[in-house]
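Q: I would like a close look at one part of this predicted model, taken residue by residue. Please start there and then follow the links outward, keeping to what the coordinates support.

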Amino acid sequence: MTDAMTFMGNFIPKFKAKFPGVAEILVTKIAAGFAGNISHESSFGVTRYGDGGNALGLCQWNGSRFDRLVSNRSSDWDSENGQIEFILHELANKEKRTQR
């Protein structure tokens, strides 16, 4: 299985649990969008550095967003599961405006 397929297989059930009621076709498209971005940002490397060593992880978090990742997911911030959970946390909270 490709990294994108593995990511989507992990992301979709978590997304559906966090955001029930979102149409199935949209869930798949949302997961594919995240997978495409993550592929470009980090090649699915949960501990991959970017931006000259200033960003880290699937979504290349940096600065205060990286600090929130570690604070929110202290025991598993460096795992795919922990980072997926933090993506969903951001969507439901700090980045809620993206739901519009």
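A: Gln 60 sits in the loop between E2 and E3, and its backbone deserves attention in this predicted model, since phi of Gln 60 is near 55 degrees, a positive value in a residue other than glycine. Most residues other than glycine have a negative phi. The relative accessibility of Gln 60 is 8%, and because buried means under 20% relative accessible area, the residue counts as buried.

One of the residues in contact with Gln 60 is Ser 42, which, leaving aside its neighbours within four places in sequence, also touches Arg 48, Gly 57 and Leu 58. Ser 42 belongs to helix H2, which covers residues 24–42, and with a relative accessible area of 2% Ser 42 is buried as well.

In the loop between H2 and E1 lies Phe 44, for which phi is again a positive value in a residue other than glycine, near 65 degrees. Phe 44, at 15% relative accessibility, counts as buried.

The strands on either side of the Gln 60 loop belong to an open sheet of three strands, arranged in the order E1-E2-E3 with antiparallel pairing. Strand E1 (49–50) and strand E3 (61–62) occupy the edges, and each has a single partner strand, so that one side of each is left without a neighbour in the sheet. Between strand E2, residues 55–56, and E3 the antiparallel pairing runs over two bridges, and Leu 56 stands opposite Trp 61 in E3.

Trp 61 leads from the sheet into the interior, as it is among the residues with the most contacts inside the largest nonpolar core, a set of 21 residues in which Phe 7, Phe 11, Phe 15, Ile 38, Ile 87 and Leu 88 are named alongside it. Helix H1 (3–18), H2 and helix H4 (80–92) each supply at least two residues of this core. In soluble globular proteins, nonpolar side chains tend to be buried together.

Phe 15 shows how such contacts reach across the sequence: not counting residues up to four places away, Phe 15 touches Val 22, Val 27, Ile 30, Leu 88 and Leu 91. Of these, Leu 91 is found in helix H4 and is buried, with a relative accessible area of 13%. The C-alpha atom of Leu 91 is separated by 9.7 Å from that of Phe 19, although the two residues are 72 residues apart along the chain.

Val 22, another residue touched by Phe 15, leads in the opposite direction, towards the surface, where it forms a nonpolar patch with Ile 25 and Leu 26 that has about 260 Å² of accessible area together. Ile 25, a residue of H2, is exposed, with a relative accessible area of 57%.

Charged pairs add a further set of links. Side chains of opposite charge can pair when their charged atoms come close. Taking a side-chain nitrogen of Lys or Arg within 4 Å of a carboxyl oxygen of Asp or Glu as the criterion, the count comes to four salt bridges. In one of them Lys 14 pairs with Glu 85, and the closest N and O atoms are 3.6 Å apart. That pair links distant parts of the chain, with Lys 14 in helix H1 and Glu 85 in helix H4, 71 residues apart. Both ends of the pair are partly exposed, Lys 14 with a relative accessible area of 24% and Glu 85 at 26% relative accessibility.

Arg 65 forms another salt bridge, with Glu 90, and here the closest N and O atoms are 2.7 Å apart. Arg 65 lies in helix H3 (residues 63–72) and Glu 90 in helix H4, so this pair ties together parts that are 25 residues apart in sequence. Glu 90 counts as buried at 5% relative accessibility, whereas Arg 65, at 33%, counts as partly exposed.

A salt bridge also joins Asp 76 and Arg 73, with 2.8 Å between the closest N and O atoms. Asp 76 counts as buried at 15% relative accessibility, while Arg 73, at 21%, counts as partly exposed; with the boundary of the buried class at 20% relative accessible area, that label for Arg 73 rests on a value of 21%.

Notes:
Residues are numbered from 1 along each chain as its sequence is written. This is a predicted model: local features need pLDDT of at least 70, side-chain atom pairs count only at pLDDT 80 or more; totals for chains, interfaces and linings use all residues. Side-chain values use heavy atoms; hydrogens and water are left out. Patches are made of residues with over 30% relative accessible area and no salt bridge: like charges are joined within 9 Å, nonpolar side chains (Val, Leu, Ile, Met, Phe, Trp, Tyr) within 5 Å. Accessible areas come from the Shrake-Rupley method with a 1.4 Å probe; for residues, only the protein chains shown count as cover. Helices (H or I, at least four residues) and strands (E, at least two) are DSSP runs, numbered from the N terminus. Buried means under 20% relative accessible area, exposed over 50%, partly exposed in between (1.4 Å probe, protein chains only). A nonpolar core is a set of buried Ala, Val, Leu, Ile, Met, Phe, Trp, Tyr and Cys residues joined through side-chain atoms within 4.5 Å. Contact means heavy atoms within 4.5 Å. Two strands pair if DSSP finds at least two bridges between them.
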